[in-house]
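Welcome! Let us take a short walk through this protein together, stopping at a few places along the way.

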Amino acid sequence: MDKFVSSWYNDQSLPESYIFPPHERPGKLLVPRCNNVPVIDLSDTRTNLVHQILKASQEFGLFQVVNHGVPPNIMSETMSVFHKFFELPAEDKASLTVYTNDPKRCKLVTSTLDYDREKIHLWRDVLRHPCHPDCIEFWPRKPLRYREVVAACSIEAKKLGLQILELLCEGIGIEHGYFEHELTEDLLLGPNHYPPCPDPSLTLGIPKHFDPDILTILLQEHISGLQVLKDGEWIGVRPIPNAFVVNIGYILQVISNNKLKGAEHRVVTNSSDHRISVVFCMNPAGNSNIEPAKSVVTATNPPLCRGFQFKEFVDNFYSMEGDADLALQPFKL
């Protein structure tokens with residue numbers, strides 16, 4: 001249990017195993033919290049929403065949504081439950097640290113599941129578990145109401161994701177209902193805990209990456225940490241009360257035949273505050289066939305890759321240390 005960053009972060013300087021190579025470090029430069037990251041009011045007219053979400057997905061690959069219909073009390077209770085979870089004593093979390101290949105089981109780790117083999121560790125503790133109703137019996141029993149609160153937020157996050165996907169389909173000309181069923185069958189939950197760091201200029205909570213999914217729905221609190229790469233510059237995503245951050249996943253970029261843009265992003269740490277973010281990843285079923293949608297392929301816009309199973313891409317993604325472009329390479333035409 002002494003691996004957990006949260007159990008020793010205050011006791012020592014930054015260990016060598018958490019220091020990134022110079023070209024990957026965030027450094028001490030102040031990254032602006034950008035007001036230009038699109039914020040979309042989902043109570044707007046459908047015509048306006050289609051236009052705004054499509055524009056944001058093509059220019060940034062990331063945007064925030066407000067007035068999305070998710071009750072504020074569900075959002076605040078979810079964040080509260082995860083604060084309480086990460087504050088639990090070690091013995092209450094011990095059963096979640098046992099390694100298992102069972103996809104239904106929860107996994108609580110520091111850095112990544114590959115901790116023992118990776119060269120550099122990430123400055124975070126992270127819980128991972130699927131949100132399917134069949135898996136609830138394996139979810140944590142503590143803190144009180146964990147299962148009730150997380151189940152309610154998971155349902156709302158998936159509804160929100162499907163709503164956004166329908167608007168994107170309308171914007172790029174993919175048929176209604178394309179992303180229902182197996183293409184968004186697996187919703188994966190990933191709350192991250194980033195404790196205060198002795199030297200935030202040398203390490204990262206998560207390095208630069210694309211999300212290897214369809215869509216990511218992120219609940220973040222008032223503390224900054226998420227940054228998106230835009231035109232070669234890192235910009236901070238300003239936390240907005242009761243907003244969700246939406247990332248276009250790399251698989252959605254593939255299905256759109258590059259009409260939509262996945263967002264390259266990272267997470268930086270800070271020296272004073274604990275930060276928690278709650279991630280909902282909308283994934284296809286492992287055996288789903290992924291290919292550019294036929295309605296976006298034309299003689300002048302041919303398919304960029306052949307079809308492949310989602311699990312093939314995921315295997316490549318992790319064997320390539322999270323490089324989505326390299327993971328797609330075997331399937332390109």
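Contact here means heavy atoms within 4.5 Å. Keep in mind as you look around that this is a predicted model.

Our walk begins at helix 7, which spans residues 310–319. Its buried residues are Phe310, Phe313, Val314, Asn316 and Phe317. Looking down the axis of helix 7, you would find these buried residues within an arc of 165°, so they line one face of the helix. The face turned away from that buried side carries the exposed residues Asp315, Tyr318 and Ser319. What covers the buried residues? The cover includes helix 6 (250–255) and helix 8 (324–328), along with strand 13 (275–283), strand 14 (289–290) and strand 15 (308–309). After helix 7 comes Glu321, with a positive phi near 55°.

Next, please turn to His209, which sits in strand 7 (residues 206–209). Is His209 buried or exposed? Its relative accessible area is 15%, and buried means under 20%, so His209 counts as buried. The side chain of His209 makes a polar contact with the side chain of Asp211, at 3.1 Å. A polar atom of the His209 side chain also lies 2.8 Å from the backbone oxygen of Pro207. Leaving aside residues up to four places away in sequence, His209 touches Ala263, Glu264, His265 and Gly322.

Our last stop is Leu144, in the loop between strand 5 (125–130) and helix 5 (146–172). Leu144 has a relative accessibility of 76%, so this residue counts as exposed. From Leu144 to Phe20 there are 124 residues in sequence, and their C-alpha atoms are 38 Å apart in space.

How values were computed: Residues are numbered from 1 along each chain as its sequence is written. This is a predicted model: local features need pLDDT of at least 70, side-chain atom pairs count only at pLDDT 80 or more; totals for chains, interfaces and linings use all residues. Side-chain values use heavy atoms; hydrogens and water are left out. Helices (H or I, at least four residues) and strands (E, at least two) are DSSP runs, numbered from the N terminus. Buried means under 20% relative accessible area, exposed over 50%, partly exposed in between (1.4 Å probe, protein chains only). A polar contact is a pair of N or O atoms within 3.5 Å; within protein, one must be able to donate a hydrogen and the other to accept it, and residues adjacent in sequence count only if both atoms are side-chain atoms. The arc is that of the directions from the helix axis to the C-beta atoms.
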